[in-house]
Amino acid sequence: MAPSLAQAYRRRWWMAITAIIENLLFSAVLLGWGSLLIMLKNEGFYSHVCIENKTVNTNVTSVESGEWRSCVEQEEILNLGFTIGSFLLSAATLPLGILMDRYGPRPLRLIGSSCFAASCAMIAAAAYDPEVLSALIFLAVSFNGFGGICLTFTSLTLPNMFGNVRSTILSLMIGSYASSAVTFPAVKLIYDLGVSFRVIMWVWSGMACMVFLNCFLNWPAESFPAPEDIRYTKKVKLSGVVTEDKVTGDRYITHVTVMEDMMGAKQPEPDQPGSQNTAQGSVPLCHSVCSPIFLWSIITMAMTQLRLIFFMGAMNKMLEFLVTHGNPNPSEALQEEVEEQVGFYSSIFGAMQLLCLLTCPLIGYIMDWRMKECEEEKATTHTQKSQSDPPKRDRKVQKLTNAMRAFIFTNLLLVTFGIISLIDNMPIQMISFVLHTIVRGFIHSCCGGLYAAVYPANHFGTLTGMQSMISAAFALLQQPLFVVMLGDLNGDPYWINLGLLIFSLAGFLLPGYLFYHRRNVIRANAERDRLVASLSAKENAPLTQSDSGTAESQANGHAANGYTPNGHTV
């Protein structure tokens, strides 16, 4: 039932559009945790903890009135669920990368859509009796995170079908993944209109089954080859059309040629053992893993993930502190204002997640900058290169230049976000919402584009998975940071945000190394060109001497026969 690679190539635009929509609705929806947390508290998840423990806030109403108690212990337990789900959202990428490099994206996408449907079904079932089934939320968010990253990760190889605009399509995939945090705020709007939480979750589970069906019908069993590994051919069909002249009775045969585009994986050429494909295929994985670019990218991504995940997990509490300013006994009016302000700003933050989808193509454009010129260089002949044309751009140097600019731009935005988050002003925090959203989409696009540009295509999944797993493990620090903020710091996030701002300066180490590596590549290319020029000069010297010797011998021969160089007899 799985379509062939050629059939998938003809359906690539349908697959790309549906993958963007599916990422938007089903991938990293757990990142909209602020809105989901409010709905879970309203549905009574772990509300019984507030009755067993006596640290209950003044915002408490009776269960009989349809509302549930809330307390600090409840938020800590639910935030632990977010920590587990967000960890799986990134940590599962390493085994997924290894499996995808081996078996292709189709089986993983089928498993991911099934897990997401099961997670929504478990949340809906737990909502029927939250006092007994609250523990299901941990299993549900685990399935949600794992299923979401399966859908996201399998869509990252689809841009290989789009050639020169691969980075732009890749940024759209990552942008839709980052923008999926808007889904839970949108669900909360529907929830606030009076729609049952359980009905919403059951419908969402059914929609995830449609993702399973779309993958089953359209995604090929083979992996998508990289653009340099794709073989494009034309299948020619020759058919004859017979016509007969009614007057003379003569018959004429007209041949009609029909050409169809075909695509398949390029086969290695035995007569070119030193080709680029063979060279890439012979690169061991340990060489890519131990390369300085990959190691610096892990540091950059780990730091950025911790910064972004902590803000998302603690955002509601940080907004609450901006309203109460740490007042341990807020009045009823102040508490109502806290609830209103936190709900309003969390909705704005959720709506701003769509900016990821709108702004990520900018990073893709930066990563693709002038790459088409570099590819045209491969098509030029040696005679064209020898002419007095402006020097062509080296493909590897251009890739490093684009990646360096993209990371510098993203890190500047991250530092600006950290500075604004220190300001004790609610309206100004909307700027930090915008910057947080843009950085979250940019950093993944930068890293994915860097790996696709520098490393072999068959290493992309494993390297991306390893980087995501290490970053996710480091981002687990957000849970103890959250506990320290609520405990020792009495809800004040200033010192944690200041420390994370200083730590975020480490993000400039990667573009610094890319600049150093780019300079070494330029020097190596210049030395290679000088060596080639000197070898060419040595090869041309004997030819010049032989040509002059031949001309001299011909002149002597003519003189011996009584002819002058002008052809006259002596």
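In the predicted model, helix 6 passes helix 9 in a crossing that is right-handed. The two helices, of which helix 6 spans residues 93-103, pack with their axes 10 Å apart and at an angle of about 45 degrees. Angles under 35 degrees count as roughly parallel and 65 to 115 as roughly perpendicular, and helix 6 and helix 9 are therefore oblique to each other.

Helix 9 also packs with helix 7, which covers residues 105-126, and here the axes lie 7 Å apart at an angle of about 150 degrees. Since angles over 145 degrees count as roughly antiparallel, helix 7 and helix 9 are therefore described as roughly antiparallel to each other. The crossing of helix 7 and helix 9 is left-handed, and the residues of this contact divide into 17 nonpolar, seven polar and one charged.

Helix 7 also takes part in a salt bridge, one of the five counted in the model. The pair consists of Arg109 and Glu22, whose closest N and O atoms are 2.5 Å apart. Because Arg109 lies in helix 7 and Glu22 in helix 2, the latter formed by residues 12-26, the pair ties together parts of the chain that are 87 residues apart in sequence.

Turning to the interior spaces, the count comes to four cavities of 30 Å³ or more. The largest cavity has a volume of about 230 Å³, and its lining is made up of 20 residues, of which Leu156, Tyr177, His444, Thr464 and Ser468 lie nearest the centre of the cavity. The elements that give two or more residues to this lining are helix 5 (72-91), helix 9 (136-155), helix 10 (166-179), helix 15 (292-324), helix 21 (429-454) and helix 22 (460-475). Helix 9, described above for its packing with helix 6 and with helix 7, is thus among the elements that line the largest cavity. By class, the lining of the largest cavity holds 11 nonpolar and nine polar residues, with no charged residues.

The second largest cavity encloses about 120 Å³ of space. Its lining comprises 16 residues, and Leu31, Ser86, Ser90, Gln305 and Ile309 are those that lie nearest the centre of this cavity. Two or more residues are given to the lining of the second largest cavity by each of helix 5, helix 15, helix 21 and helix 22, elements that also give two or more residues to the lining of the largest cavity. Helix 5 gives the most to the lining of the second largest cavity, with a contribution of five residues. The lining of the second largest cavity divides into nine nonpolar, six polar and one charged residues, whereas the lining of the largest cavity has no charged residues.

Definitions and conventions: Residues numbered from 1 in each chain as written. Predicted model: local features only at pLDDT ≥ 70, side-chain atom pairs only at ≥ 80, totals over all residues. Heavy atoms only, no water. 1 Å grid on protein atoms, 1.4 Å probe; cavity = no way out; pocket = protein on both sides within 12 Å on 5 of 7 lines; lining within 4 Å. Points joined across faces, edges and corners; volume = space filled by probe spheres on them. Helix = DSSP H or I, 4+ residues; strand = E, 2+ residues; numbered from the N terminus. Nonpolar A, V, L, I, M, F, W, Y, C, P; charged D, E, K, R; others polar. Axes fitted to C-alpha atoms, helices over the stretch in contact; angles between N-to-C directions. Left-handed = near helix turned anticlockwise from the far one by under 90°. Salt bridge = Lys/Arg side-chain N within 4 Å of Asp/Glu carboxyl O.
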